[in-house]
Amino acid sequence: MEYLYLGKIVNTHGIKGEVRILSQFKYKDKVLHKHFPIYIGKEKVKEIIASYRPHKQFDMITMDGYTNINEVLKYKGKNVYLKKSDLVLEEGEYLDEDLIGMDVVMNNKKIGKVIKIEKDPYQERIVVNKDGKEYLVPYVCDIIKKINLKERTMTLEYIKGLLD
C-alpha cells in the first residue's frame, strides 16, 4: 500500500479539536473534505475528516470523534498521509512523484533522467541527472513542453545553456 505525504500537523486551533496542517500538496482540493480518510504519524493511524477550512497558510481540519483540544494534542507535530489509491486524478493530472525516473528529452534526443523535484515557497525545480551531473530546470510550462506518463518521458524546450 503506497502512502503520499499530505502535510504536517503543526498545532491545534481553539478548544474544539481542530488542528492546523501545513501542506504544499498539489491536489489538496481533492482530499481535504468531509469523509476523506487520512493517516497520521509513522503508525499511519486512520482518521476521517469531519470538517475542513483554509485559514491563512494553514489547512484546518477536525476529525470524526474528536471534540476537545486534549483529544487531538497527541497528533501535534505528526505527519499526515493519504493512500494513493484514495486519490482520484483527472485525465492529464499527475503527482510530482510520478515524474521521478522519467527520461528527459530535448530536440528529440534523450539527455537524462528526472531524479527529484525541489520545492520552496518561491518556485519548483526539476533535478535532471545528465552524464552524472545534476542540473536544475525550472518547473514551468514555458520550459516543460510535454509530459507523457505512458512513455515515461518529459520533453523540454531547447534553451541554450539550460543543460550545458
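## Aromatic pairs

A residue counts as buried when its relative accessible area is under 20%, and in this predicted model Y66, at 14% relative accessibility, therefore falls in the buried class. The count of aromatic pairs comes to 3. In one of them, the rings of Y5 and Y81 have their centres 6.0 Å apart and their planes at 70 degrees, so that the pair is edge-to-face. Because Y5 lies in strand 1 (residues 3-13) and Y81 in strand 6 (residues 79-83), this contact ties together parts that are 76 residues apart in sequence. Y5 is partly exposed, with a relative accessible area of 42%, whereas Y81 counts as buried at 16% relative accessibility.

Y66 and Y75 form another aromatic pair, also edge-to-face, with 6.2 Å from centre to centre and 70 degrees between the planes. Here Y66 is buried at 14% relative accessibility, and Y75 is buried as well, with a relative accessible area of 5%.

## Charges over rings

Two contacts bring a charged side chain over an aromatic ring. The charged end of R20 sits over the ring of F58, 5.0 Å from the centre of that ring, while K26 lies over the face of Y94, at 4.4 Å from the ring centre.

## Strands 7, 8 and 9

Strand 7 (residues 103-106) runs antiparallel to strand 8 (residues 109-119), and 4 bridges join the two; within this pairing, V104 stands opposite G112 of strand 8. The two strands form a hairpin with 2 residues between them, and in the turn N107 has a positive phi of about 55 degrees.

On the other side of the pairing list, strand 8 is joined by 6 bridges to strand 9 (residues 124-130), again in an antiparallel arrangement, and K113 has N129 of strand 9 as its bridge partner. The hairpin that joins strand 8 to strand 9 passes through 4 residues.

## Positive phi in loops

Most residues other than glycine have a negative phi. N108, in the loop between strand 7 and strand 8, has a positive phi of about 60 degrees although it is not a glycine, and at 82% relative accessibility N108 counts as exposed.

K56 likewise is not a glycine, yet has a positive phi of about 55 degrees. K56 is found in the loop between strand 4 (45-55) and strand 5 (58-63), and with 71% relative accessibility K56 also counts as exposed.

## Pockets

The largest pocket holds about 270 Å³ of space, and its lining consists of Y5, L6, Q24, F25, K26, L95, D96, E97, I100, I117 and K119. Strand 1 and strand 8 each supply at least two residues of this lining, which by class has 6 nonpolar, 1 polar and 4 charged residues. Two of the side chains described above recur here: Y5, a member of the edge-to-face pair with Y81, and K26, which lies over the face of Y94, are both among the residues that line the largest pocket.

The second largest pocket holds about 160 Å³ of space and is lined by E90, E91, G92, E93, Y94, I147, L149 and K150. By class, this lining has 3 nonpolar, 1 polar and 4 charged residues. Y94, whose ring has K26 over its face, belongs to the lining of the second largest pocket, while K26 itself belongs to that of the largest pocket.

Technical notes:
Residues are numbered from 1 along each chain as its sequence is written. This is a predicted model: local features need pLDDT of at least 70, side-chain atom pairs count only at pLDDT 80 or more; totals for chains, interfaces and linings use all residues. Side-chain values use heavy atoms; hydrogens and water are left out. Two strands pair if DSSP finds at least two bridges between them. Buried means under 20% relative accessible area, exposed over 50%, partly exposed in between (1.4 Å probe, protein chains only). Rings of Phe, Tyr and Trp (its six-membered ring) pair if their centres lie within 6.5 Å; planes under 30 degrees apart count as stacked, over 60 as edge-to-face and the rest as tilted. A charge sits over a ring if NZ of Lys or CZ of Arg is within 6 Å of the ring centre and within 35 degrees of the ring normal. On a 1 Å grid over the protein atoms alone, a cavity is a set of points where a 1.4 Å probe fits but cannot get out, and a pocket is an open set with protein on both sides within 12 Å along at least five of seven lines; lining residues have an atom within 4 Å of a point. Grid points are joined across faces, edges and corners, and a volume is the space filled by probe spheres set on the points. Ala, Val, Leu, Ile, Met, Phe, Trp, Tyr, Cys and Pro count as nonpolar, Asp, Glu, Lys and Arg as charged, and the others, Gly among them, as polar.
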